[in-house]
Each structure stands twice: as structure tokens, then as C-alpha cells.
Amino acid sequence: CRDGTRLPVWVQADRVLQEGEPPLLFAFLRDLSASRKVQEEQRHQVAFLRTLLDTIPSPVFYKDADLNLTSINRPFRELLSVSDSVIGQPIGSVFDADSAERLEKLDRVAMDSERAKFAHMTLTTVQGDVHNAVVFSRAVRANGEVVSITGALVNNAELDAHARSEIFAL
């Protein structure tokens, strides 16, 4: 820019040859400032959402329409002793075959519904740890199609303590 400001640009240049004339360079410049700003805003939104999800005390998960894990929060990793290596894997990479089958059944019921579905379950991890929990599952839709599943696990002991605190609050 004339004022010394630097802008990110995309350049496409072609040489133009005309007989008897010196070669010309024909260039297209595209200002990338707006797209860089959008990319930066997206990075901030992703960081915000990751922080928000990790702040939720319940284990939260997201799955794609094929029921492979696409994201898990910190409490999910900590409670179930897993790492982000399970991302892209089916829930059977976290839970034993019986637990995974019941969780997938709940997800499929949620996929056929407009509402969240939940079930009380005893789940066993692949490490053999047993968790009694209420599992919530809800389909996320775009243009009427299921694009993902979001869900949470609530430990029955925590749920019971919450219910007792609500009773005492009356």
C-alpha cells in the first residue's frame, strides 16, 4: 500500500507474449485480509468452545454420523482414562463390546428422534473399569440430515447427590 501498510495477498502471474513486443507480465492480486480475519475468528471460536467443553464437569463426547468419536472433553478423558487417540475411532475403543453395542443403540434411537434420548447404563471400559451412569445422546442435524451425535455421561452418584441437593433446597 502507498501508506506502507502490508497486506497478505495471493498472486497469480502469467507472461504475455506478443510478436515484436517485449514480454509482458499480467498479474492478478487477491487481498487475503478478509479471509485471514475469518480464519483468526474461527481459531478463537474453536479455542473458546474447547475451553467451554473442558469446563463442563460431565464427560461430553461428539460422534460423526458413522458413530466414530470426533471430540471428547477433559472430564471424558480423565474419567475413562483415555487420550485423544480415540478420536476417529468407534466407541468400542473406549468401552467393551456389550457397553459399546448399548451406546450405539441409544445413538441410533437418538438419530431417529428430534429429541435427546437418555438411558441408565452400567458401562465397562476396555480397561475393565465399571461406571454406572445416565447417558444422554442427541442427534445434530443440518438440512434435515443427521451430521453428528452429541452426548454426555452423568455418573449416577453425582446425579443422586444433585437430586438430594435439590430435595434439600426445597
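## Close-up views of a predicted model

**View 1. The whole chain, with its overall dimensions.** A compact globule of 170 residues would have a radius of gyration near 15 Å, whereas this chain has 25 Å. The model is predicted. Along the principal axes, the C-alpha atoms fill a box of roughly 90 × 35 × 35 Å. Of the 170 residues in the chain, 26% are buried. The chain exposes about 11700 Å², and carbon and sulfur atoms supply 55% of that area.

**View 2. The order of helices and strands.** The chain holds 4 helices and 7 strands. Read from the N terminus, the elements follow the order β-β-α-β-β-α-α-β-β-β-α. Take the contacts between residues at least 6 apart in sequence: 33% of them join residues at least 24 apart.

**View 3. S58 and its surroundings.** S58 sits in the loop between α1 (33–55) and β3 (60–64). Its relative accessibility is 17%. S58 counts as buried because this value is under the 20% cut-off. Neighbours within four places in sequence are set aside here; beyond them, S58 is in contact with N73, P75, L153 and V154.

**View 4. The largest cavity.** A search of the whole structure finds 2 cavities of 30 Å³ or more. The largest cavity encloses about 60 Å³ of space. Its lining consists of P59, L79, L80, L123, H131, N132, A133, L153, V154 and N155. Three elements each supply at least two residues of this lining: α2 (74–80), β6 (130–142) and β7 (145–155). By class, the lining of the largest cavity has 7 nonpolar residues, 3 polar and no charged. Two lining residues, L153 and V154, also appear in View 3 as contacts of S58.

**View 5. The second largest cavity.** This cavity has a volume of about 30 Å³. F61, K63, I91, F95, L103 and L153 line the second largest cavity. Its lining divides into 5 nonpolar residues, no polar and 1 charged.

**View 6. L153 in three settings.** L153 is among the residues that line the largest cavity. L153 also lines the second largest cavity. In addition, L153 is in contact with S58, a residue of the loop between α1 (33–55) and β3 (60–64).

Notes. Residues numbered from 1 in each chain as written. Predicted model: local features only at pLDDT ≥ 70, side-chain atom pairs only at ≥ 80, totals over all residues. Heavy atoms only, no water. Buried < 20%, exposed > 50% of the residue type's maximum accessible area, 1.4 Å probe, protein only. Contact = heavy atoms within 4.5 Å. 1 Å grid on protein atoms, 1.4 Å probe; cavity = no way out; pocket = protein on both sides within 12 Å on 5 of 7 lines; lining within 4 Å. Points joined across faces, edges and corners; volume = space filled by probe spheres on them. Nonpolar A, V, L, I, M, F, W, Y, C, P; charged D, E, K, R; others polar. Rg over C-alpha atoms; globule rule 2.2 N^0.38 Å. Areas by Shrake-Rupley, 256 points an atom, 1.4 Å probe, with all protein chains shown as cover.
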